[in-house]
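Visitor: I'm just starting out with protein structures. Could you pick a single part of this one and take me through it closely?

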Amino acid sequence: MRISELLKSTPELLRSSVLSALVAFAIFGAVGQAMAFDDKVFDDKTGVKPQSSPWAVFQFGFSAYKNGHKEQAAEAYKYAAENGQIGATWKLARMYAEGDGVARDDYEAFKFFSEIVDQDVEPGSPEESYVSDALVALGDYLRKGIPGSPVTENEVAAQEYYMRAAANYRNPNAQFEMGQMFLKGEGGVKASVKQAGRWFQLAAEKGHAGAQATLGHLLFQSGKIVRGLAMMTAALERASPTDQPWIRGMQEEAFAAAGEADRRTAISLADDILTKGTANADQ
């Protein structure tokens, strides 16, 4: 019986369970296939077998990582990366950047991220997310430098990486960083609240909590009390634990300065923003 026929003949209350089962079957089936490559591409004593398919090794690395065998995963990723798998290069960069399964080494991560951005990947390519993320990572490293390495602080170079990711790949993290640079006049750009607001708006429309909060703060300061407070309130709800402290401080300061009527209206508008999406800053 086809899937479409199965769903048509299944009571409404059971359809979600059927779909969940089908998705689980597809996922675990794929993982099972990847693990089946074990004896073909990897040996516990000698590592990756010579002349193995880079894609098969990448799949093995992914499965090994998911199953907690991160040393094997790192070795597999290295082989796959050396043989043209950009996704494997990205996984290695992230592992070194976060000390995940390997000793943390920011300079090693920097080198892997650099290899990624040197690839000829066009916007719209299935691999563009790797390049986009790598550009932001390099911008972050160059903004502060990496102690004990040849990578020194270079805000102008950081701004160039952020701009590539923001303009070419519409990366919300990069758009937020560009907004910050225009707001503070960093990275060789002239300070401009208007330009900063445009970048924050683009990132906020993609759900970036930091951009939404900062844009809300700018609106609040410009006299758009309700809309600004609403955006900060909505941003606080969706912010990550890392961003919550500074967004909370910003939101609470504005909340205390607003009148009771504006507070109530802002809370209602924040609910709408969370439900329907980011409010347009021009309204």
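Guide: Happily! When two helices pack, an angle under 35 degrees counts as roughly parallel, over 145 as roughly antiparallel, 65 to 115 as roughly perpendicular, and the rest as oblique. Each angle runs from 0 to 180 degrees between N-to-C directions, and the axes are lines fitted to C-alpha atoms, for helices over the stretch in contact. Please keep in mind that this is a predicted model, where local features need pLDDT of at least 70, side-chain atom pairs count only at pLDDT 80 or more, and totals for chains, interfaces and linings use all residues. Residues are numbered from 1 along each chain as its sequence is written, and side-chain values use heavy atoms, leaving out hydrogens and water.

Let's look closely at helix α9, residues 155-168. Its name comes from counting DSSP runs from the N terminus (H or I, at least four residues, for helices; E, at least two, for strands). The 14 residues of α9 should span 20 Å at 1.5 Å a residue, and its end C-alpha atoms lie 19 Å apart, which agrees; the expected span is 1.5 Å times one less than the number of residues.

One partner of α9 is α8: the two helices pack at an angle of about 165°, and their axes are 8 Å apart. They are therefore roughly antiparallel to each other. Their crossing is left-handed, a term for a near helix turned anticlockwise from the far one by less than a right angle, with clockwise being right-handed.

Now for the residues that meet. On the α8 side they include Leu-135, Leu-138, Leu-142 and Arg-143, while α9 brings, among others, Glu-155, Ala-158, Tyr-161 and Tyr-162. The contact (heavy atoms within 4.5 Å) is made by 9 nonpolar, 2 polar and 4 charged residues. Here Ala, Val, Leu, Ile, Met, Phe, Trp, Tyr, Cys and Pro count as nonpolar, Asp, Glu, Lys and Arg as charged, and the others, Gly among them, as polar.

Which residues of α9 are buried? They are Ala-157, Ala-158, Gln-159, Tyr-162, Ala-165 and Ala-166, where buried means under 20% relative accessible area, exposed over 50%, and partly exposed in between (1.4 Å probe, protein chains only). An α-helix has 3.6 residues a turn, so residues three or four places apart point the same way. The cover over the buried residues of α9 includes α8, α10 (172-184) and α11 (193-205).

Moving on along the chain, we come to the loop between α9 and α10, where Arg-170 sits. Most residues other than glycine have a negative phi. Arg-170, though not a glycine, has a positive phi near 55°. Arg-170 is also exposed, because its relative accessible area is 55%.

Gln-180 lies in helix α10, and this residue is buried, with a relative accessible area of 15%. Setting aside neighbours within four places in sequence, Gln-180 touches Arg-143 and Phe-200. Arg-143 is one of the α8 residues that meet α9.

Phe-200 leads us to α11, where it is among the residues that meet α12. Helices α11 and α12 (residues 209-221) pack at about 140°, with axes 8 Å apart. That makes α11 oblique to α12, and the crossing is left-handed. The residues in this contact divide into 7 nonpolar, 4 polar and no charged.
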